[in-house]
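Please open the model in your viewer and keep the selection box handy. We will go from stop to stop, and at each one you will hear what to select and what is there.

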Amino acid sequence: MGESDSPVLSQQKATLSMTVPDSNRTSCAITTDYPPGDVAIWIFILAELSVFALLFVVYAFTRHYNLELFDLHQQQLDSRSGLINTLTLITSSYFVVRAVAAIQYGNARLCSRWLWGAIALGLLFLLVKGVEYQHHFSLGIGLSTNLFYTFYISLTFFHFMHVIMGMVILTVVALKAGRGGYCATEHTGVETAASYWHMVDLVWLILFPLVYVMR
Amino acid sequence: MQKGDHELLLTSTITWLLLLALTLVTYAAAQLGVEGKWLILGVLAIALIKGKLIIDRFMGLRWVGSFWRPMLDLYLFTVGGLIATAFLLP
């Protein structure tokens with residue numbers, strides 16, 4: 001997919017180019033105090049992660065006191081859908097990493113393509129999850145069916161909404177990148193969107209085993 | 001493109017493949033009928049490893065020193081620890 005740089009070098013690249021000859025450049029052991037993207041998104045990410053953490057822990061302890069109910073209904077979930085969605089989100093996160101790398105090399109068109117790929121995978125995630133919801137609803141299962149489904153639907157739908165929000169952010173950034181709105185020296189927007197999308201992935205990586213697998 | 005950049009792109013790709021493989025291991029363990037304490041501990045450990053890979057390699061926090069990486073590491077291990085406690089309580 002062409003020439004690109006690693007996302008982890010974004011903060012260090014300018015300093016490196018001033019102090020180290022190209023032939024001597026290395027890619028590790030350099031620390032910075034600032035995360036990629038806008039610091040404001042990281043405050044937002046910490047807040048979002050805290051809410052999900054609370055929900056995960058409440059789910060786990062509620063399950064402890066309703067073991068039979070949770071085990072019985074968890075087995076009725078389609079774990080293949082969970083697997084497909086996990087592989088989908090991980091791959092979309094990887095596409096976003098490649099998008100950041102592309103823009104760090106100044107290739108805005110390539111950056112945009114990787115972002116559209118990530119958005120397409122986000123759509124696939126929503127489609128698979130939508131089919132899963134449709135199956136449950138067609139059986140008359142809803143939020144008030146029992147405690148397990150209250151948690152299952154609330155947790156996964158809360159995450160579902162975050163996927164939609166992430167896709168909106170990625171779409172705005174992909175359109176701007178496609179118009180040449182970012183370059184190698186100014187691409188904070190791409191890194192900010194990427195950080196949010198990775199957070200959505202990180203949450204799912206805990207949610208999938210917790211709700212679909214662990215019993 | 002510098003040699004180090006190639007290496008870091010390769011690292012990202014290897015991380016992606018590792019994340020896919022670990023996900024398949026989690027799924028396979030459940031499908032093979034592994035249950036109870038070992039499934040819980042194994043699956044949680046894999047989830048934490050995957051989370052750490054996302055934080056360090058995809059989010060790019062590997063070389064971010066002061067606050068953000070320790071906060072996300074703390075998050076991961078606190079949530080993992082509390083979930084393990086709830087699942088392993090007698």
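## First stop: S112(A)

Select S112(A): beyond the neighbours up to four places away in sequence, S112(A) is in contact with A174(A), A177(A) and G178(A), where contact means heavy atoms within 4.5 Å. S112(A) lies in helix α5 of chain A, which covers residues 108-138. Helices (H or I, at least four residues) and strands (E, at least two) are DSSP runs, numbered from the N terminus. Is S112(A) buried or exposed? With a relative accessibility of 7%, S112(A) counts as buried. Here buried means under 20% relative accessible area, exposed over 50%, and partly exposed in between, with a 1.4 Å probe and protein chains only.

## How to read this model

This is a predicted model, in which local features need pLDDT of at least 70 and side-chain atom pairs count only at pLDDT 80 or more, while totals for chains, interfaces and linings use all residues. Residues are numbered from 1 along each chain as its sequence is written, chains are lettered from A and ligands numbered from 1 in the order in which they are written, and side-chain values use heavy atoms, with hydrogens and water left out.

## Step back to chain A

Now select the whole of chain A. Its secondary structure comes to 7 helices and 0 strands, and from the N terminus the elements read α-α-α-α-α-α-α. Chain A has 215 residues, and 56% of them count as buried. Among its contacts between residues at least 6 apart in sequence, 80% join residues at least 24 apart. The accessible surface of chain A is about 8,900 Å², with 65% belonging to carbon and sulfur atoms; such areas come from the Shrake-Rupley method with a 1.4 Å probe, and for residues only the protein chains shown count as cover.

Next, colour chain A by pLDDT, the predictor's confidence in each residue, from 0 to 100. The average for chain A is 87, and 86% of the residues score at least 70. Where does pLDDT stay under 50 in chain A? Select residues 1-28 of chain A: that is the stretch, and the model has 66 contacts for it beyond four places in sequence. Where pLDDT is low, the predicted coordinates should not be read in detail.

## Y212(A) in helix α7

Move on to Y212(A), which sits in helix α7 of chain A. At 3% relative accessibility, Y212(A) counts as buried. Show its surroundings: leaving aside neighbours within four places in sequence, Y212(A) is in contact with Q74(A), L77(A), D78(A), S79(A), G82(A), K129(A), E132(A), Y152(A), W204(A) and L207(A). Pick out S79(A) from that group: Y212(A) and S79(A) are 133 residues apart along the chain, yet their C-alpha atoms are separated by 5.8 Å.

## Across to chain B

Keep helix α7 (residues 188-213) of chain A selected and add helix α2 (residues 36-58) of chain B: their axes come within 10 Å and cross at roughly 175°. Axes are lines fitted to C-alpha atoms, for helices over the stretch in contact, and angles run from 0 to 180 degrees between N-to-C directions. How do the two helices run relative to each other? α7(A) and α2(B) are roughly antiparallel, the word for angles over 145 degrees, with under 35 counting as roughly parallel, 65 to 115 as roughly perpendicular and the rest as oblique.

Turn on the side chains here. From α7(A), the residues H198(A), D201(A), L202(A), L205(A), P209(A) and V213(A) meet L39(B), V43(B), A47(B), K50(B), G51(B), I54(B), I55(B) and F58(B) in α2(B). By class, this contact has 10 nonpolar, 2 polar and 2 charged residues. Ala, Val, Leu, Ile, Met, Phe, Trp, Tyr, Cys and Pro count as nonpolar, Asp, Glu, Lys and Arg as charged, and the others, Gly among them, as polar.

## Chain B on its own

Select chain B, which has 3 helices and 0 strands. Of its 90 residues, 50% are buried. Its mean pLDDT is 88, and 94% of its residues reach 70 or more.

For the last stop, choose G80(B) in helix α3 of chain B. G80(B) is buried, with a relative accessible area of 7%, and touches L44(B) and L48(B), not counting residues up to four places away in sequence. In the same helix, residues 68-88 of chain B, you will find A84(B), which is buried at a relative accessible area of 15%.
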